[in-house]
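I opened my notebook on this one to see what the coordinates would tell me. Here is what I looked up, in the order I got to it.

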Amino acid sequence: MIDIRDITFFYDEPDEEQDDAGRRPALSHISLSIAPGEFIAFLGRNGSGKSSLSRLLNGIEQPTAGIITVEGHSTSDHAAIPDIRRAVQIVFQNPENQQVGITVGEDIAFGLSNIGWPQHDIRNRIAWAISLVGLDADEERPVTNLSGGEKQKLALASVLALAPRYLILDEATSMLDPVARRQFVETLHKVRRQHPFTLIYITHHLEEVVDADRWVLFRSGELAASGTPEELEQNVSLLEDCGLELPYTRRLAILLRQSGLPISANVNVQELRELLCKSN
Ligand SMILES: Nc1ncnc2c1ncn2[C@@H]1O[C@H](COP(=O)(O)OP(=O)(O)O)[C@@H](O)[C@H]1O
Ligand SMILES: [Mg+2]
């Protein structure tokens, strides 16, 4: 369980000359609990605070006020930081910023060595992680030879090898083309079914999170709303206000339903076409 209690976060150090009114926090009075096994989406415009909160969750940054606990340990407790960093892993937008090895195997081995994985088991673990994410590459393959989609799968393999209990994907699919993006998301959920972990998913693509347990909407560093996708997607003006756009068929289905047609929110294009033809 991750518990976020009324946290406020400023990047800049307080300035003697300037009062608080002159500074704008990156995050303001955020409270949120994230349950084990949950699939939760952080949504909102650029600059709304999603990445900042991610960095606070694994202790890269500390809240200016308030407290965050990961399984009971405060991220402000220095002694707890190594365990928290291990439990909460982040994959960022650009895989190249995270790749540290020359080869696929070295890249996965790096994190394992860092957390003191038994040396004799590292080769096994690398092979396990490569096959887990369905990366079509052996461990000798140079990282520079991988496509964008493969690099992102490698980033995923490298963190999954560490058996995180919480995985944050911070716009991890944004550099991928639609096909690679769909593949990556499918891989992710396949892995989650085999080895459950809490997933915190940050994206601008709502179609990737329609089956999340919960959406959390950020607006200018504040928590604008939190609820199930089914609840929040009814509120089109709130979504728009947070810079979010529902997938086209979903928006259409909701509008039609609001006008009285008996349509499920999960309707696909084919079903929608048939329903519309029938109702004509
Ligand atoms: N390293 C940084 N130093 C100073 N301000 C930052 C830094 N990173 C982000 N910010 C500011 O913090 C606010 C929240 O940004 P961020 O958490 O990156 O939002 P998001 O991930 O939702 O796009 C923005 O006003 C942004 O300009
Ligand atoms: Mg961000």
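I started in the middle, with the cover on α5. The elements that cover its buried residues include β6 (88-91), α3 (104-114), α4 (122-132), β7 (166-170) and α6 (178-194). This is a predicted model, so I read everything below in that light.

**Entry: α5 itself.** Helix α5 runs over residues 148-160, 13 residues in total. From its first C-alpha to its last I get 18 Å, close to the 18 Å expected at 1.5 Å a residue. How much of α5 is covered? I count 12 of its 13 residues as buried, so I call the helix mostly covered. The buried set is G149, E150, K151, Q152, K153, L154, A155, L156, A157, S158, V159 and L160. E150, K151 and K153 are among them, and I wrote those charged ones down separately.

**Entry: α3, one of the covering helices.** I then turned to α3 and listed its buried residues: V104, G105, D107, I108, A109, G111 and L112. Those residues pack against α4 and α5. A helix of this kind has 3.6 residues a turn, so residues three or four places apart point the same way. Just after α3 comes G116, with a positive phi near 75°.

**Entry: α1.** Which residues of α1 are buried? My list reads K50, S52, L53, S54, L56 and L57. That is 6 of the 8 residues of the helix (residues 50-57), so the rest of the structure largely encloses α1. What follows α1? I find G59 there, and its phi is positive, near 80°.

**Entry: L43.** I looked up L43 in strand β3, residues 39-44. Its relative accessibility is 0%, so L43 counts as buried. Leaving out residues up to four places away in sequence, L43 touches K50, T203, L206, V209, W215, V216, L217, F218 and L244. K50 is also on my list of buried residues in α1. W215, V216, L217 and F218 fall within β9 (214-219). I also checked L43 against S131: they are 88 residues apart in sequence, and their C-alpha atoms are 31 Å apart.

**Entry: positive phi outside glycine.** Most residues other than glycine have a negative phi, so I went looking for exceptions. D6 is one of them, with phi near 50°. D6 belongs to strand β1 (residues 2-9). Is D6 buried or partly exposed? Its relative accessible area is 39%, so D6 is partly exposed. S220 also has a positive phi, about 50°, and is not a glycine. Where does S220 sit? I find S220 in the loop between β9 (214-219) and β10 (222-227). At 46% relative accessibility, S220 counts as partly exposed.

**Entry: two more residues.** R182 is in helix α6, one of the elements covering the buried residues of α5. R182 itself counts as exposed, at 53% relative accessibility. I paired R182 with I40: the two are 142 residues apart along the chain, with 18 Å between their C-alpha atoms. Then I went to S279 in helix α10, residues 269-279. S279 has 42% relative accessibility, so I put it down as partly exposed. S279 and L112 are 167 residues apart in sequence and 58 Å apart in space, C-alpha to C-alpha. L112 is one of the buried residues of α3.

**Entry: the whole chain.** I left the overall numbers for last. The protein has 10 helices and 10 strands. For 280 residues, a compact globule would have a radius of gyration near 19 Å, and the 21 Å I get for the protein agrees with that. The C-alpha atoms fill a box of roughly 65 × 55 × 30 Å along the principal axes. Of the 280 residues, 50% count as buried. The exposed area is about 13,900 Å², with carbon and sulfur atoms supplying 49% of it. Among contacts between residues at least 6 apart in sequence, 63% join residues at least 24 apart. Last, I compared the charges: the mean positions of the 26 positive and 40 negative ones are 6 Å apart.

Note on methods. Residues numbered from 1 in each chain as written. Chains lettered and ligands numbered in written order. Predicted model: local features only at pLDDT ≥ 70, side-chain atom pairs only at ≥ 80, totals over all residues. Heavy atoms only, no water. Helix = DSSP H or I, 4+ residues; strand = E, 2+ residues; numbered from the N terminus. Rg over C-alpha atoms; globule rule 2.2 N^0.38 Å. Buried < 20%, exposed > 50% of the residue type's maximum accessible area, 1.4 Å probe, protein only. Contact = heavy atoms within 4.5 Å. Areas by Shrake-Rupley, 256 points an atom, 1.4 Å probe, with all protein chains shown as cover. Charge placed at Lys NZ, Arg CZ, Asp CG, Glu CD. Expected span 1.5 Å × (residues − 1).
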